[in-house]
Amino acid sequence: MFGIDAVLLSDFAAKSIRKNHRVIDLGTGTGIIPLLLETSTPASNFTALEIQKDSADLARQSVEKNALQSKIKIVHGDLRDAPALFARHSFDVVVCNPPYTPAAHGKRNLSDSVSIARHEICCNLDDVISAADFLLAPHGHFFMIHVPFRLPGILCRLQSRCLEAKVMRLVQPFADSGPNLVLIEARKNARPGLKIMPNLIVRGADGGYTSEIRRIYGLEQGL
């Protein structure tokens, strides 16, 4: 299973991915992000890293079912071991939908796999950004989705690794509600200068998806 987070992140990143880009998804889960990016971008070199073996196996099955083994490589491993798994600067784009909640906070789900996906049990924000720093080629792109209340720490950690936040977009469930997600694009060794995009509204007053969300999901108007 996957949520709207992965879909929004894939759409946000897709516009910047070129044909020759080498792309890695950190903490890929069952592989939805590389599968979406393979269909929406001209790139053909994707790596998906996942620490949970069951999820990595499911991701591999999905890749095989879609006959994409030549384009998407599933790696079972820990992003904290990135230096042992990959060469430095070996990717042009790093994408990550990380766990949002510090391990000591929030209500734990009874399912271990869900807890690992949602809480910083196997990795934290520092680990994710450190891995991105190691893996990214000079001037590479780092795309991440997270929660707004952690923005100060995110921006500080990015700058400490010479990753400059260049584009940010807040996501709101409804037009009259506060944002609950934030999309961030950072560039390796870039000059300061942050572009704030208009907020992305998920649902209209009637509870249905907005036109932009319908576009992202590939839904036809009126259905």
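In this predicted model, the axes of helices H6 and H7 approach to within 10 Å and cross at roughly 35°. The crossing of H6 and H7 is right-handed. H7 spans residues 151-160, and H6 spans residues 125-135. A second helix pair, H1 and H2, also has a right-handed crossing.

**Contact of H6 with H7**

- On the H6 side the contact is made by Leu125, Asp126 and Ile129, which meet Gly153, Ile154, Arg157 and Leu158 of H7.
- By residue class, this contact of H6 with H7 holds four nonpolar residues, one polar residue and two charged residues.

**Faces and surroundings of H7**

- Leu151, Gly153, Ile154 and Leu158 are the buried residues of H7.
- Viewed down the axis of H7, these buried residues fall within an arc of 160°, so they line one face of the helix.
- An α-helix has 3.6 residues a turn, so residues three or four places apart point the same way.
- The other side of H7 carries the exposed residues Pro152, Cys156, Gln159 and Ser160.
- Helix H6 is among the elements that cover the buried residues of H7.
- The cover over those residues also includes three strands: S7 (136-146), S8 (163-174) and S9 (181-188).
- Gly153, Ile154 and Leu158 are buried residues of H7, and each of them also takes part in the contact with H6.
- Cys162, just after H7, takes a positive phi of about 60°.

**Contact of H1 with H2**

- Helix H1 covers residues 4-14 and helix H2 residues 32-40; their axes come within 9 Å and cross at roughly 40°.
- That crossing angle makes H1 oblique to H2, because angles from 35 degrees up to 65 degrees count neither as roughly parallel nor as roughly perpendicular.
- The H1 residues Ala6, Val7, Leu9, Ser10 and Ala14 meet Ile32, Ile33, Leu36, Leu37 and Ser40 of H2.
- Eight residues of this contact of H1 with H2 are nonpolar, two are polar and none is charged.

**The protein as a whole**

- The secondary structure amounts to eight helices and eleven strands.
- The protein has 223 residues, of which 48% count as buried.
- Among contacts in the protein with a separation of 6 or more, 70% are between residues 24 or more positions apart.

Note on methods. Residues numbered from 1 in each chain as written. Predicted model: local features only at pLDDT ≥ 70, side-chain atom pairs only at ≥ 80, totals over all residues. Heavy atoms only, no water. Buried < 20%, exposed > 50% of the residue type's maximum accessible area, 1.4 Å probe, protein only. Helix = DSSP H or I, 4+ residues; strand = E, 2+ residues; numbered from the N terminus. Arc of directions from axis to C-beta. Contact = heavy atoms within 4.5 Å. Axes fitted to C-alpha atoms, helices over the stretch in contact; angles between N-to-C directions. Parallel < 35°, antiparallel > 145°, perpendicular 65-115°, else oblique. Left-handed = near helix turned anticlockwise from the far one by under 90°. Nonpolar A, V, L, I, M, F, W, Y, C, P; charged D, E, K, R; others polar.
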